[in-house]
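Here are a few notes to read alongside the structure. Have it open and follow the points in order.

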Amino acid sequence: TLSSSSAASDVYKRQILMICLFGIFFHSCEEPLEEIIFSELAPDNFLKTTEGINSLLNNAYATQQRTGQESFNAISTFQMPSGEIWNRGGSIETQLTPMREYTWDSNHTRFNNEWTNSYRTIRDANLLLDNLVDSEFDADFVKDITAQAKFIRAKAMVDIYDFFGPGPLFTSSVFDELEKPRASDADWISQIEADMNDAINNLSADAPYGRASSGAGAAILCKFYLNLKRWGDAVAMADKVINGSKYALFPTYVELFAIANEGNSEIIYTHPASSAGTNSAVQINPLVFPPDFARASNIGLFAARCYFFDSFVDSYHPEDTRLGIMVRSWVTRDGNAVQGYGLDQTLPGKYELDASAVGSRHGNDWPEIRYADILLSKAEAMNELNGPSQEAVDLWNQVRNRAGVPPYAVGDFTSQDDFRSKILAERSWEFAFEGKLSLIHI
């Protein structure tokens, strides 16, 4: 009897509890739930300190930089469709094959990441600019951070435009309209120009490595104008870089990309990398060299790899020193010799295997804009303005002389079209496996 009474009591208690829970549930659903939104930044006054501003600036650079597989994706996005490289193996094949076969759509990971990361960069830049207004920071500090923030925002907008055309335009971190329509071409371009010109006028020519500089700003605008076919403006920006006397061609092409030579005089804007940190390392080579490639035990490679087509290798002048990046044959870890050339399997060896790699984390910097690019950009723009000229050919020949191939004379070009065709071919040789939009800008 005692046991039955205890059991009945337990049942009664459970019934009461269920009634209470149902009452709470239905009562709480009578009115819409009010969401309490907390700031992502804590404490709330974090951006009132130099530590907070610098932390946000670092995040803006980090979001814009191509780390992990982003650097490889940036390269493959443009080299795959151009017929320069192809891929085989690994889980990344599902991402790369559509680039080679022209079957990608708007859901492709590469494009989604480009859109998201660029707008995150713009968000950070806007937060910086908004929190510098009416602040109590030192005037020189405000000037420098403002210039860097405008550079970063303009650079992100250039990247968006190169992929998608104009997007929704956000110039403040405070706004009411979340689903804004695309901006007009004119408004988007005008914002890029205003931001980058302001940055150029206020940035140092000798910025810390990997950071915004006046030369980098001019170089980015030069390339932007080139793709807009604003030839005169492209020439003007190229002159800002060339006349600044800070940059020069590195003496030897292959060694230009060596880790020991990172930060050399040819690099205008780069994506610095380090194998020491997960978020600072890159994974270019792990997606290039085959997994059985002979190497030190600390160097990790993936199952994926990519190759140059024989037709691209054969397009070079036979004495071209830029062929030095081509790994036509190699040895496996088991000591077996592998012949790649002749089977469309020459490896892109532009970036050396990092001796300090930590598994698949490598520290090869990826140079986005080099001085060679500005020389060729000015020569290309000058030809579009007035046809072949001695000055344009002389600019171009600086690049050819470094490559050890015969220089051109003005008489070698039959027309403006002939010059254009040949300089685009030169770009493919000079910037092989660097992810250059200029290969497809027309």
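1. Let's start with the aromatic cluster. Nine names are worth finding here: Phe72, Tyr253, Phe257, Phe308, Phe312, Tyr316, Tyr351, Trp429 and Phe433, which together form one aromatic cluster. Keep in mind that this is a predicted model.

2. Now zoom in on two members of that cluster, Phe308 and Phe312. Their ring centres sit 5.4 Å apart with the planes at 35 degrees, so this pair counts as tilted. Are these two buried or exposed? Both Phe308 and Phe312 are buried.

3. How many aromatic pairs turn up in the whole structure? The search finds 28. Another one to look at is Phe137 with Phe141: the ring centres are 5.2 Å apart and the planes lie at 55 degrees, so that pair is tilted. Phe137 has a relative accessible area of 14%, and is therefore buried, the cut-off being under 20%.

4. On to a pair of helices. α11 covers residues 371–386 and α12 covers residues 390–403; their axes come within 8 Å and cross at roughly 150 degrees. Since angles over 145 degrees count as roughly antiparallel, that is how α11 runs relative to α12. The crossing is left-handed.

5. Which residues make this contact? From α11 come Ala372, Leu375, Leu376, Lys378, Ala379 and Met382. From α12 come Glu391, Ala392, Leu395, Trp396, Gln398, Val399 and Arg402. Sorted by class, the contact of α11 with α12 has nine nonpolar residues, one polar and three charged.

Conventions: Residues are numbered from 1 along each chain as its sequence is written. This is a predicted model: local features need pLDDT of at least 70, side-chain atom pairs count only at pLDDT 80 or more; totals for chains, interfaces and linings use all residues. Side-chain values use heavy atoms; hydrogens and water are left out. Axes are lines fitted to C-alpha atoms, for helices over the stretch in contact, and angles run from 0 to 180 degrees between N-to-C directions. Helices (H or I, at least four residues) and strands (E, at least two) are DSSP runs, numbered from the N terminus. Angles under 35 degrees count as roughly parallel, over 145 as roughly antiparallel, 65 to 115 as roughly perpendicular and the rest as oblique. A crossing is left-handed if the near helix is turned anticlockwise from the far one by less than a right angle, and right-handed if clockwise. Contact means heavy atoms within 4.5 Å. Ala, Val, Leu, Ile, Met, Phe, Trp, Tyr, Cys and Pro count as nonpolar, Asp, Glu, Lys and Arg as charged, and the others, Gly among them, as polar. Rings of Phe, Tyr and Trp (its six-membered ring) pair if their centres lie within 6.5 Å; planes under 30 degrees apart count as stacked, over 60 as edge-to-face and the rest as tilted. Buried means under 20% relative accessible area, exposed over 50%, partly exposed in between (1.4 Å probe, protein chains only).
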